[in-house]
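Welcome, and thank you for opening the viewer. Keep the selection tool at hand, and we will go from stop to stop together.

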Amino acid sequence: MWRGCRRLLRAPLPPPPRPARGYAPPAERKRFYKRVGISRGEGGFEINLDQRKLRTPQAKLFAVPSEALAVAVAAEWDAQQDTIQLYAMHLTTLCNTALDNPTQRDKTQLIQAAVKFLETDTICYRVEEPATLVELQRNQWDPMIEWAEKRYNVTIGSSTSITGPTIPVSTRETFSSHLASYNMWALQGIEYVINQLKSFILSMGLIDRHITVEEAVLLSRLEEEYQIQRWGKVEWAHDFDLHELRARTAAGVLFTHLCLESSTVKHKLLQDSGPGR
């Protein structure tokens, strides 16, 4: 019961209720293009589907700040087969979010939202029993907190209290100042990773290349994996969730790093070939 309440506290607030309506699964769009290319325009690097320029859901020109990111997005579109599976195109989705900014937040608001996750960071909340899980959390999570405290010269700590640890104001200010050094695009990626892992600390470890995606995902799911090992799992559901979390987290980290790429890259343009190669 206590653990369930703790999870509710650190989970993101649900969106406001919407008018009830019949559910309809998103329709898959058939692939309508043969070639994917990249061109440089005034707003950045653009994605071309045959002779058409890719646009965002709000009909803005799809132009990204680095050539490396454009290559990665073009690869997503080129990899589509008979139908376009937008739900699996995480880099494209992140670019759309950065360009359209549907929540209309500025840089300060993005930073505030990211730092606020420290209050409910997964690895700062500890259980008091069973002893095996207490030891597992201490052995697996404490090193990450110690790394972050040393890396950024801050105090974080952990707590078994339902309210979590008290994060000093100086710690928040230090992380806010650090995040301010990133551009708006990179901040979108960082917040996306934080939302996937439910952990600011693990996310910063990833962005700083201190840990791998696989390590970060397993650390974020430490309690779930412990329960699975103890009670067993629903094979397909567990594997699917794990795969999806890894894919989304990896995409967010890659997006962030590519948004910080200032130089162009030499590459071979995608070949003129259609789907189903």
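The helices and strands named on this tour are DSSP runs, helices of at least four residues and strands of at least two, numbered from the N terminus. Please keep in mind that you are looking at a predicted model.

**The whole chain**

Start with the cartoon view of everything. The protein chain holds 11 helices and 6 strands. Of its 277 residues, 43% are buried. If you take the contacts between residues at least 6 apart in sequence, 65% of them join residues at least 24 apart.

**A cis peptide bond**

Select Glu129 and Pro130. The peptide bond that leads from Glu129 to Pro130 is cis, and its omega is near -5 degrees. Where along the chain does Pro130 have its place? Look in the loop between α4 (107-116) and α5 (131-152). As background, most peptide bonds are trans.

**Two positive phi angles**

Next, go to Ala59, in the loop that lies between β4 (52-53) and β5 (63-64). Ala59 is not a glycine, and yet its phi is positive, at about 70 degrees. Most residues other than glycine have a negative phi. With a relative accessibility of 49%, Ala59 counts as partly exposed, because that class ends at 50%.

Now move to Lys198, which you will find in the loop between α7 (184-197) and α8 (200-207). Here is another residue other than glycine with a positive phi, near 55 degrees. Is Lys198 buried or partly exposed? Lys198 is partly exposed, since its relative accessible area is 26% and buried would mean under 20%.

**An aromatic cluster**

Show the side chains of Trp147, Tyr152, Phe175 and Phe200. Ring pairs link these four residues, Trp147, Tyr152, Phe175 and Phe200, into a cluster. The model has 6 aromatic pairs by the rule used here. One of them joins Trp147 and Tyr152: their ring centres are 6.0 Å apart and their planes meet at 85 degrees, which makes the pair edge-to-face. Trp147 is buried, and Tyr152 is buried too.

Add Arg151 to the selection. Which ring does Arg151 lie over? Arg151 sits over the face of Tyr152, 4.4 Å from the ring centre.

**Two helices that cross**

Select residues 213-220, helix α9, and residues 222-231, helix α10. Two packed helices are described by the angle between their axes and the distance between the axes. For α9 and α10, the angle is about 70 degrees and the axes are 4 Å apart. So α9 is roughly perpendicular to α10.

Which residues make the contact? From α9 come Leu218, Leu219 and Ser220, while α10 brings Leu222, Glu224 and Glu225. Coloured by class, this contact of α9 with α10 shows 3 nonpolar, 1 polar and 2 charged residues.

**Last stop: Leu242**

Finish at Leu242 in helix α11 (residues 235-259). Leu242 has a relative accessible area of 11%, so this residue is buried. Apart from neighbours within four places in sequence, the residues in contact with Leu242 are Val217, Arg221 and Glu225. You have already met Glu225 at the contact between α9 and α10. Select Glu214 as well: 28 residues separate Glu214 and Leu242 along the chain, and their C-alpha atoms are 9.7 Å apart.

Terms used. Residues numbered from 1 in each chain as written. Predicted model: local features only at pLDDT ≥ 70, side-chain atom pairs only at ≥ 80, totals over all residues. Heavy atoms only, no water. Phe/Tyr/Trp six-rings, centres within 6.5 Å; stacked < 30°, edge-to-face > 60°. Buried < 20%, exposed > 50% of the residue type's maximum accessible area, 1.4 Å probe, protein only. Lys NZ or Arg CZ within 6 Å of the ring centre and 35° of its normal. Axes fitted to C-alpha atoms, helices over the stretch in contact; angles between N-to-C directions. Parallel < 35°, antiparallel > 145°, perpendicular 65-115°, else oblique. Contact = heavy atoms within 4.5 Å. Nonpolar A, V, L, I, M, F, W, Y, C, P; charged D, E, K, R; others polar.
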